[in-house]
Amino acid sequence: MLCYRVLLFLATALGLTQLIYLVDANFSRAKQFQESDYAMTFYVAGHLATEGRESELYPAPEATSFIGTSFDRAAHALLDSLPEKSTAIFMYSPLIAGFFAPLSQLNLTWSLLIWQLISIVGLTVSCGIFAHLMKVKFSESLFLCSLFAPVFITLWSGQLGLFFGLLPLSLGYLLLMQGRALSAGLVWSLLLLKPQYFPAAAFVILVLTLNGKLQPLLGLTFGIAGVAATNLLLFSPSLAIRWLAVHKLSDTLFTNGEYGIP
């Protein structure tokens, strides 16, 4: 018990230190953050969506590399301290660009700070859900997250994982545990906005479907249709096709030495 209390104290101290560091780093190293995932990807995408330049989000169909694409050029034009060797890439749904459009109108420092705050809210709600389901203290659930390095890295670089990944994943799990399987499937369809988290939900739905429980699958199907329809209504069908086609270039990130990835 004493060891656990010591661990909890260290986790709390580390969590508060991480929050202070995030705020300080945003303002004291603003230029360096131009190479962050948030700046090079979501901030630039939001700008293009705001200015009606959604066609520049993705490479042309005949492109063989992300280097020098319209999005890469737009990033270097917007971010004055972005190194020339850095390649800006956007492979997410056009809906993500639309979501970040309002934040892109702010100074990059404040925009990133607000997004980090939104991500912390997503993490907090997720911890509250798991604390409720697992019958543990909410404060302990939250502060122990500071010991898991990917949580801090996600916050620091401004990635989508906490708000568009962990939050819908945990919310869908709560709905499933409450017997609202159809709603759980609907919520899990939002994971298409952060596809790396989608397999976890898809596996659960597959197991339930094989056991004759079809409601989660129906909810997921309706949800996917809704996400697709929203993309088509807010953006052009041609843009949605270019979004899907851009994934064929993903392998070049690891086969083309020009990106600088070891």
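Helices here (H or I, at least four residues) are DSSP runs, numbered from the N terminus. The structure is a predicted model, in which local features need pLDDT of at least 70 and side-chain atom pairs count only at pLDDT 80 or more, while totals for chains, interfaces and linings use all residues. Residues are numbered from 1 along each chain as its sequence is written, and side-chain values use heavy atoms, with hydrogens and water left out. The briefing follows helix H5 (residues 108–134) through its packing partners and then turns to a pocket to which H5 contributes lining residues.

**H5 and H7**

- The axes of H5 and helix H7 (residues 149–157) come within 9 Å and cross at roughly 150 degrees, where axes are lines fitted to C-alpha atoms, for helices over the stretch in contact, and angles run from 0 to 180 degrees between N-to-C directions.
- That angle makes H5 roughly antiparallel to H7, since angles over 145 degrees count as roughly antiparallel, under 35 as roughly parallel, 65 to 115 as roughly perpendicular and the rest as oblique.
- The contact (heavy atoms within 4.5 Å) is made by Gln 116, Ser 119, Ile 120 and Leu 123 of H5 together with Val 151, Leu 155 and Trp 156 of H7.
- By class, these residues divide into 5 nonpolar, 2 polar and no charged, with Ala, Val, Leu, Ile, Met, Phe, Trp, Tyr, Cys and Pro counted as nonpolar, Asp, Glu, Lys and Arg as charged, and the others, Gly among them, as polar.

**H5 and H8**

- H5 and helix H8 (residues 161–177) pack at an angle of about 25 degrees, with their axes 9 Å apart, which makes H5 roughly parallel to H8.
- On the H5 side, the residues that meet H8 include Trp 115, Ser 119, Leu 123 and Phe 130, and their counterparts in H8 include Phe 163, Leu 167, Ser 170 and Met 177.
- The residues of this contact divide into 16 nonpolar, 5 polar and no charged.

**H2 and H5**

- Helix H2 (residues 37–50) packs against H5 at an angle of about 90 degrees, with the axes 11 Å apart, and the two helices are therefore roughly perpendicular to each other.
- Tyr 38, Ala 39 and Tyr 43 in H2 meet Leu 108, Ser 111, Leu 112 and Trp 115 in H5.

**Lining of the second largest pocket**

- Helix H1 (2–28), H5, helix H6 (138–143) and H7 each supply at least two residues of the lining of the second largest pocket, and the largest share, 5 residues, comes from H1.
- The lining residues divide into 11 nonpolar, 4 polar and no charged.
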